[in-house]
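Dear colleague,

I am passing on a structure to you, together with an account of what was found in it. Please look it over before reading the notes that follow.

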Amino acid sequence: MLSLSKISGSGNYYLNLAREDYYLNGGEPPGVWLGSATRHLGLFGKADPSDVRSLLAGFSPSGVGLVQNAGAENRQCGWDLTFSAPKSVSLLWALGSEREAREIQAAHFAAVDCAVRYLEAEGCFTRIGRGGTLVESVGVAVCVFEHGTSRMGDPQLHSHALLLNVAHRECGKWGSIDSRPIYDMMMVLGAAYRAEL
């Protein structure tokens, strides 16, 4: 299953969901970087919370503005693509041995990675030129946070793939992501995740 929601403003709703730092301090594994744009920012492996906050605001980890409206309160910070394993998989993960749980988590992460790579290859664009009439494919930065329970406390293996609204263009410049193709791809991304899982 895949759901998509916008991350707006400072992103604090997501970073502090239910009066706790849901993504960064929720007792779950730390975020992990995906997407080709992360290489251009020097971001690899585990995500540092300050880097996530900088990118949500439209700045590089070193504080350089990557988009025209970096730091603006009304800026679209990104999108939360939530990939949820089927209930049967979540139950096997929760009730299986430690080895089985690790294998299921690895399969889940590989499926999320597959869907993110497909999204980047086929659905991430920025608008350029006078009036944004030209469209260019871009590299993206995605921070994936894995969680093991639903909000009701039931076993639910799922990952929040935060697609940050900073796009790396082939020429080396940065811009914002055109979200329309992402919404158009929701069913395909969910299918890509399930097929890989």
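Which residues are buried in helix 4? Before the reply, please keep in mind that this is a predicted model. In helix 4, the buried residues are Val89, Ser90 and Trp93, and because they cover an arc of only 100° around the axis, they are on the same side of the helix. Leu92 and Leu95, on the other side of helix 4, are exposed. As a matter of background, an α-helix has 3.6 residues a turn, so residues three or four places apart point the same way. The cover over the buried residues of helix 4 includes helix 5, strand 6 and strand 7.

One residue of strand 7 can be taken up here, namely Pro155. Leaving aside neighbours within four places in sequence, Pro155 is in contact with Lys87, Ser90, Leu91, Ala94 and Gly148; Ser90, as said above, is one of the buried residues of helix 4. The C-alpha atoms of Pro155 and Leu92 are separated by 9.5 Å, although these two residues are 63 residues apart along the chain. Pro155 has a relative accessibility of 27% and therefore counts as partly exposed, since the buried class ends at 20% and the exposed class begins over 50%.

To step back to the whole protein, the secondary structure comes to seven helices and eight strands. Of the 197 residues in the protein, 49% are buried. Where contacts join residues at least 6 apart in sequence, 65% of them are between residues at least 24 apart.

Next comes the interior. In soluble globular proteins, nonpolar side chains tend to be buried together. In this model the largest nonpolar core has 31 residues, and those with the most contacts inside it are Leu81, Phe83, Leu119, Val142 and Leu163. At least two residues of this core are supplied by each of strand 1 (2–8), strand 3 (76–84), helix 4 (87–95), helix 5 (98–123), strand 6 (139–149), strand 7 (155–168) and helix 7, and helix 5 gives the most, with seven residues. If residues up to four places away in sequence are not counted, Leu81 touches Leu2, Ser3, Leu4, Leu119, Ser159, His160, Ala161, Leu163 and Leu189. Apart from this core lies another, of 18 residues, which include Val52, Leu66, Cys77 and Leu164.

Two of the residues just named lead on to other helices. Leu189, which Leu81 touches, is a buried residue of helix 7 (residues 186–196), together with Met186, Gly190, Ala192 and Tyr193. These five cover an arc of only 160° around the axis, which means that they are on the same side of helix 7, whereas Met187 and Ala195, on the other side, are exposed. Val52, in turn, is found among the buried residues of helix 3 (residues 49–56), the others being Asp51, Ser54, Leu55 and Leu56. Helix 3 is followed by Gly58, which has a positive phi, near 95°.

Two loop residues may also be of interest. Gly71 lies in the loop between helix 3 and strand 3, and with a relative accessible area of 46% this glycine is partly exposed. Not counting residues up to four places away in sequence, Gly71 touches Ala57 and Phe59, while the C-alpha atoms of Gly71 and Leu56, 15 residues apart along the chain, are separated by 8.8 Å. Pro30 has a place in the loop between helix 1 (12–15) and strand 2 (32–34), and counts as partly exposed at 41% relative accessibility. Beyond the neighbours within four places in sequence, the contacts of Pro30 are with Lys46, Val144 and Phe145; the C-alpha atoms of Pro30 and Glu146 are separated by 7.8 Å, with their positions 116 residues apart along the chain counted as the distance apart.

Last, there is a pocket to look at. The second largest pocket has a volume of about 190 Å³, and Val67, Gln68, Asn69, Thr126, Arg127, Ile128, Arg169, Trp174, Gly175 and Ser176 line it. Strand 4 (125–128) and strand 8 (174–175) each supply at least two residues of that lining, and strand 4 gives the most, with three residues. By class, the lining has three nonpolar, five polar and two charged residues.

With best wishes

Technical notes
Residues numbered from 1 in each chain as written. Predicted model: local features only at pLDDT ≥ 70, side-chain atom pairs only at ≥ 80, totals over all residues. Heavy atoms only, no water. Buried < 20%, exposed > 50% of the residue type's maximum accessible area, 1.4 Å probe, protein only. Helix = DSSP H or I, 4+ residues; strand = E, 2+ residues; numbered from the N terminus. Arc of directions from axis to C-beta. Core = buried A, V, L, I, M, F, W, Y, C linked by side-chain atoms within 4.5 Å. Contact = heavy atoms within 4.5 Å. 1 Å grid on protein atoms, 1.4 Å probe; cavity = no way out; pocket = protein on both sides within 12 Å on 5 of 7 lines; lining within 4 Å. Points joined across faces, edges and corners; volume = space filled by probe spheres on them. Nonpolar A, V, L, I, M, F, W, Y, C, P; charged D, E, K, R; others polar.
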